[in-house]
Amino acid sequence: MIALRIALGVGLLFIVSLVIFGATELLPGDLANELLGQSATPETLAALREQLGLNDPAPVRYWNWLTGALTGDFGVSLANGRPISELIGARLGNTVFLALYAAALSVPISLILGILAALWRNSIFDRMANAGALTAISFPEFFVAYILVLWLAQTGLFPSMVRINPTTTFGDRVYMTFLPALTLMLVVTAHMMRMTRAAIINLMASPYIEMARLKGMSPLRIVLRHALPNALAPIINVIALNLAYLITGVVVVEVVFVYPGLGQLMVDAVSNRDIAVVQAVALIFAAAYVALNLLADVLSTITNPRLMHRR
Amino acid sequence: MGFAASVIFGLAALFAIAWALRTGARATFSGQARSLAHDIPLTASFGLLVIAIYTFVAIAAPILAPFPEREIVGGQFQAWSAAHPLGTDRIGRDMLSRLIYGARNTVGIAFATTALAFVVGAILGLWAALVGGWLDQALSRFVDALMAIPALIFSLLLLTIFGTSVLTLILVIAAVDATRVFRLARAVAQGIVVMDYIEAAKLRGEGSWFLIRREILPNAMAPLVAEFGLRFCFVFLAISSLSFLGLGIQPPTADWGSMVKDNATLITFGDVTPLLPAGCIALLTVAVNFVVDWQLHRASGLKEQ
Amino acid sequence: MNNFDMTGKTFAPSRRGVLKGAAAIGAAGLILPHTTTSAAAQTRGGTFRIGIGHGSTTDSLDPGLWEHLYVQTFGSARHNYLIEVGADGQLVPEIAESWSSSDGQTWVFPIRQGVSFHSGKPVTAADVVASINHHRGDDSTSVVKPLLAAITDVRADGNNVVVTLEAPNGDLPYLMTDYHVPVLPSADGKVDANTTDGCGGYIVESYEHGVQATLNRNPNYWKSDRAWFDRIELVSILDPAARLNALITGEVDLIDQVDPATIGMLESRGVARILSIPGNAHYGFPMDSRQAPYSDNNVRLALKYALDRQAMVDVILGGHGAVANDNPIGPANRYFHAEMEAKTYDPDKARYYLQQAGLSSLDVTISVADAAFSGAVDAGAMFSETARAAGINMSVDRVPNDGYWSNVWLNPNGNTPFCATYWGGRAVEDHMFTTAYAAGADWNESFWSNDRFNELLVTARSEVNEDLRREMYHEMQQLVSFEGSTIIPMYNNYVMAVANKIATPEQISANWNFDGFRCVERWSMA
Amino acid sequence: MGREVLLKIEGLRIEGRAGEGWTEIVKGIDLTLHKGEVLGLIGESGAGKSTVGLAAMGFARDGCRITGGSILFDGIDLRQAPEAERRALRGKRIAYVAQSAAASFNPAHKLIDQYCETPVIHGVMSREQAEKDATDLYRRMQLPDPEGIGFRYPHQVSGGQLQRAMTAMAMACRPDLIIFDEPTTALDVTTQIEVLAAIRDIVRQSGTAAIYITHDLAVVAQAADRIKVLLRGDEVEEAETRQMLDAPREDYTKSLWAVRSFARAEQPPATDAPILSVQNVSAAYGKVPVLDDVSFDIHAGRTIAVVGESGSGKSTAARVITGLLPPSSGTVMFDGKPLPPALKGRTRDQLRQVQMIYQMADTALNPKLKLRELIGRPAQMYLGLQGKALETRIRDLLDLIELDPDTYIDRLPGELSGGQKQRIGIARALAAEPKIIICDEVTSALDQIVQEGILKLLNRLQDEFGLAYMFITHDLATVRAIADDVVVMQRGRVIEQGPKAQMFTPPHEPYTELLLSSVPEMDPDWLTRLLANSRAAMGT
């Protein structure tokens, strides 16, 4: 089963690479154009194109890239000749760190808020949490980020930008990355909280919940012990979805906090038509998406006795 | 903090009006409308009121706005005054007028985009669920592949290829959003296609289009409508994110996302100007979701009976 | 987004400071080295952190591909050049101890002895030759290849480097200041273009492309009155608001591209000051003169009268600039024509010219992107507004920043005849005109071709009579201004904000931003 | 009855939310229960019997509220007591056994964990003691593998076993009162016997008082000491079980007793060629075989009943006939000609000839379509009726199923009662003017009185139009009422088939025998007798 899913995932990555390659082919201009900018003359363009191998037809270039990628060689950045693995390495780490950090903040909070909101549904708390979460996602990300900078960075509590390098200690990293993580937390919490609440409330009408109430169990115990385990599958799925977002969709936050992550790299590479880098990053994103979905499915299976323990 | 106070006061006033209107509706209407009015929670009536106001403002923008949308009528960043109640923007256009026209442009574009995404995504999703088999597999895997590409970056790529006219903006965001709608529509429809009435219709020899249109769609409406509300809001945010990346709605068209972006550096200095369009977006988002929550609650409530 | 910004387009540097050198070939070597410059007020130490609105992971270390402020500043911090442009605009010898030519065709540059690269390897004439040759030859991909195309031979002669030209050219020393041509270490006659080694004031400690670079003071730096800071940190901050925040919160000490809208508020914070350096850089709107309706000069004039130049300076530049009269030659130029009739915003006049063109109204589309210059989109909107009163219906098409210079500028697809542009100033009139206004020039963005202008351009080059020459250049400016096809509403200053704890010299170079990229070695802690 | 009163309910009134307001669903019920006594609470759906049962625990479902009366449990006023006190009683002194154990066990936890929850949380015993006790109770409930069964998850245990496990769980704290809410309704007849016996035994052995809620008189007769009959929230009458069975006082009670009186007139054996013939059909879902060499004939104007428990393949046979599941071998002949195996290969006329009525009218009718469209669509599609003619036809059909066209034509299914919905299903089938109607458990979701109406209607229509019915059911009473021919199926095979008279007279195949003997009879001693017989049989 999992082998099939992995095979499907690999197929998916192949489609993604095709789509991305096709799209970048459609982009007006090419790498040589972008590198030389306004100073491009036909002569230098031709020389640069020749050097970069841009004169091959598209299918040939795709094939070259694909065969390289299949043997684990993602090649070098066309723009500056650095190995792509080197370009991506540190940034991938940064992206994952930020995503996990934001998840570490937002998952417990959204679970707790979602559970409490389900427990006290239609109460003032429920309404306030709901409206608050909605308001948080209603503002554009960069707006939220700027407001946090205004309140928390200009007052000197946290740095307004993230300056980390591979030698930064974990503690410093946590401190310096707090604001971007907080921004992302505000962005994703609402979704997860609402899903948790909905999943639990959805189950609250189940006969076994009524049974638990008729067994004299306390409301908290009913929610935690009887509803939550059965609501895990949708909650895990929404967490996976948001984690995927945290890894792949945080360009804006990266820009605002000058965070060296993959999103920025991807946008750079697109604007420079550095197709090798675009492909590599797109594949990392797609792989993250596929892997997280797979992980969510596996976890859903593990937490579901009906699937784990066959008759 | 006068600003914060006036915001709180304004929201409270909106709630009060919503409450008054609901009371009025309960007293005046009869029949179904009356029971609707009885049913409606205060949050939802607040949401409806806000949506109504936005719609009115969007339609009546040319009448309401004191100045034309694009005309430079003063110096840049003028303070709030009688002539310009919300001051002027960075090149001296009247902020209030831009906000009012922004309602028309932003809401209109977001609505068109969401509607398009829903027509395409829902039809394909319902179809895939109904037909199943390889068609379902092919469509689903393709959509999976598209969803595996981050939405923002994919939109960016497409907009760069096709340019940033309002039409391409609508098409691109709708295309990206349609994948999400597809997933939802398919999931919802999978619960419906196993119902006996679908089997009955198949036994009758009905074609796919009839099944989708008459048998599945009416029963999938509730979750789709709820999703519509959320997507509608996400489209706003997507447009403003794209504006941030330099690919949003064309100037000098007034649009709230771009207006936030244009004045974003002012936030650094605690200036409230960018807060106004952002607040407009947020208020509508919250309002729409209040209504959506109510609708969802009604839909699930009716099901239980 | 700013990473789509290509504002750091490559231009040959301004030649504002070459006045003297150009007039007295061979005498330039007499200019005193910097050791005599007073340095009493400057203190050593400290870390200078610069936030720059450019930088990308795809940035190359190869100087032939440098194109924006980040790599330019980074380059100046670690490299030296043959010749430097001083803050006052004069040429200052750097790795070349002096320069001379008997005929203007063969140039000799004696190489300064005792200077070594960070690796310890001494700087030799062979290194200089290889560094120059990197930008020459068929397989060179250097941006300045066309600029150096007139060089037929470069060779080392003992401690001298001898450069031979196709034809006499007094501007060669000026070419050697170009930021693309640093002195790099070589081996076997080739440079390693991707090295971070140089002979400049700072040694690279780390470099993450598109993120940050850290450099430490070169303890063996040959200049004793330069490189005051112990450490330099260059951070790429693309978002304007993030740059501002970084300055306000003290994360960085210097930022470029300050949003004019926030200058007042920033100054009132009292943590930083604004440096606004006037230059000859200018913003413009070229029209493709081959294409109707722009082929009619009346239409062009109508458009020229249909915009409010002062308002643009005030709004787009926040006052940090000056009104331009469709003239690419700036007030700092030798032959600047100051007495031309000024064009002011005059809808009636615009209407009149429209009538002259036989039109009652005009529909045009201007393609703009902030990639052309910061504020170009707003400028387009303002232009469109003021034009309406003149009966010109101008729609603003915001095109993507991404790919602006390849897809929009120079009207490559025939659908963007009217767009926005940006030029760093040229110190020498001939250079500016030849680059962008001579018929058939690669970068003649308006495809303007004027017989009289072209004739004057050639004769003026060889004219020795100063007054006649002035007259010719004045006439050319008149032609460009009133018959040309480029609307140039403003000269923009280099606007940067610097923290109060940094001391800046009294004179800051107008030759490029950031004190000619040399802020890293000229400035110091307060 | 000198025994101590355990529960005393007086003037109980409960309201349920209905749209914008509240309607009363329990209208002043009095109830007295003594220690160790079993009270049967019976009534049709909507009688309020479950609501009363839950109220005995001081509990009202969401959307319900107790508005009047008093509930005294062992001297404690459950209405006045704080929630914490009520909660302390629930599970410990008053336990509940729900209708569907499969739905009422939490799928996420093992049986033993759910069992131990009550005694441990209520502080009655430690976890170890509880586990030991559970094994003992499981054994007494005659569950297989009493040591191991607790460590299974609910989905790993069969429905009948789950129901017994739930009864064991209810007994965990040795409560004074157990509420049984239709504990056997969802089970197959043969399973129902076992569970019923187990429940009766444990209640008697432990001397617990119980309220046994059901709609099935025959079942309640086996378990209860007294019976109380409810109708739409009101009490109809209450009496000792035997007295109630022998001499019901009220007309309503009598009508309940009389339900099974309907029977279709005996038909002579069929002589004509069958209109539809299933010939040696085998079918499978994927690789799982579900039908094995099944053959039977359907004759015009006759009703063939296909009987079997869940999983016997009777519904699959219908799916093969309709073309939803193409058989892996064998053919279905219609009017002497083979029908194309798959739905897609059949012509519109072939589709028209075989119509289907479903068990759950709720899911068989699109809830978003008005009756006009629901009924009109087949007429429009097959017969090409339009406009006025279509309208007339729809009205005629509504008349046929005894619903007033003016009132109902523009209603939605949600606005109808269960019986009315099933009638719409019938009208929809009739609209196609078919030769054969397949009725898949069409009455099993309905109350008995309503069932009777539907059966009578079907019978009348059959006579009127000469329809052939294929009647899929697990209910032998229904078979007795309307079948002409009977097919008994078990595990995908036909066990026995023939005319009704033959099938209901011995000798039977053993499985048929078991089915027949498992149908509860309206005799308080029936279960005791049956168990004694079977034990005797096992003993020999």
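# Notebook: salt bridges, contacts and a two-domain chain

I began with one pair in chain C, where the side chains of C:Lys121 and C:Asp127 meet in a salt bridge, with 2.9 Å from N to O. I note at once that this is a predicted model, and that every value here is computed from it.

I then looked up how open the two partners are. C:Lys121 is partly exposed, at a relative accessible area of 28%, whereas C:Asp127 is buried, at 0%. As background I wrote down that side chains of opposite charge can pair when their charged atoms come close.

**Entry on salt bridges within chain D**

I searched the whole structure next, and the search gave 72 salt bridges over all chains. From chain D I picked out D:Glu194 and D:Arg164, whose closest N and O atoms are 3.5 Å apart. D:Glu194 belongs to helix α7 of chain D and D:Arg164 to helix α6 (residues 159-171) of chain D, so this salt bridge ties together parts that are 30 residues apart in sequence. For the accessibility of the two ends I found that D:Glu194 is partly exposed at 42%, while D:Arg164 is buried at 8%.

I also took up the salt bridge between D:Arg393 and D:Glu433, in which the closest N and O atoms lie 3.4 Å apart. This pair links distant parts of the chain, 40 residues apart, since D:Arg393 sits in helix α15 (residues 387-400) of chain D and D:Glu433 in the loop between α17 (418-431) and β17 (436-440) of chain D. Here D:Arg393 counts as buried, with a relative accessible area of 18%, because buried means under 20%. D:Glu433, at 41%, is partly exposed.

**Entry on chain C**

Back in chain C, I found a network in which salt bridges that share partners join C:Glu84, C:Glu94, C:Lys223, C:Arg226, C:Asp515, C:Arg518, C:Glu521 and C:Arg522.

I then asked how many residues of helix α2 (residues 69-78) of chain C are buried. The count is 10 of the 10 residues, so the helix is largely enclosed by the rest of the structure. Among the buried residues of α2(C) I noted C:Tyr70, C:Phe74 and C:Arg78.

**Entry on which chains touch**

I looked up the contacts between chains and found five pairs of chains that touch, with the most contacts between chains A and C. Chain C and chain D, by contrast, are joined by no contact, and their closest C-alpha atoms lie 48 Å apart.

For chain D and chain B, I recorded that 24 residues of chain D are in contact with 18 residues of chain B. Together these two chains bury about 1,900 Å² between them, with 54% of it on carbon and sulfur atoms. The count of salt bridges between chain D and chain B is three, and one salt bridge that I looked at joins B:Glu206 to D:Arg377, with the closest N and O atoms 2.5 Å apart. The interface of chain D and chain B also has 11 residue pairs in polar contact, both residues being at pLDDT 80 or more.

Which helices of chain D each supply at least two residues of the side that touches chain B? I found α11 (314-322), α12 (348-353), α13 (361-364) and α14 (371-383) of chain D, and α14(D) gives the most, with five residues. By class, that side of chain D has 13 nonpolar, four polar and seven charged residues.

**Entry on the two domains of chain D**

Last, I turned to the division of chain D into domain 1 (5-257) and domain 2 (276-517). The C-alpha centres of the two domains of chain D lie 36 Å apart, and 10 residues of domain 1 are in contact with seven residues of domain 2. Between them the domains bury about 850 Å², 47% of it on carbon and sulfur atoms. In domain 1 of chain D, the residues that lose the most area to domain 2 are D:Glu44, D:Asp188 and D:Thr190, together 50% of what that side buries.

I found zero salt bridges across the interface of these domains, and zero residue pairs in polar contact, counting pairs with both residues at pLDDT 80 or more. On the side of domain 1 that touches domain 2, α7 (189-206) and α10 (251-258) of chain D each supply at least two residues, and the largest share, three residues, comes from α10(D). By class, I wrote down three nonpolar, four polar and three charged residues for that side of domain 1 of chain D.

Notes: Residues numbered from 1 in each chain as written. Chains lettered and ligands numbered in written order. Predicted model: local features only at pLDDT ≥ 70, side-chain atom pairs only at ≥ 80, totals over all residues. Heavy atoms only, no water. Domains from an automatic or database assignment. Contact = heavy atoms within 4.5 Å. Buried area = accessible area lost by both parts, 1.4 Å probe. Salt bridge = Lys/Arg side-chain N within 4 Å of Asp/Glu carboxyl O. Polar contact = N/O pair within 3.5 Å; in protein donor to acceptor, adjacent residues only side chain to side chain. Helix = DSSP H or I, 4+ residues; strand = E, 2+ residues; numbered from the N terminus. Nonpolar A, V, L, I, M, F, W, Y, C, P; charged D, E, K, R; others polar. Buried < 20%, exposed > 50% of the residue type's maximum accessible area, 1.4 Å probe, protein only.
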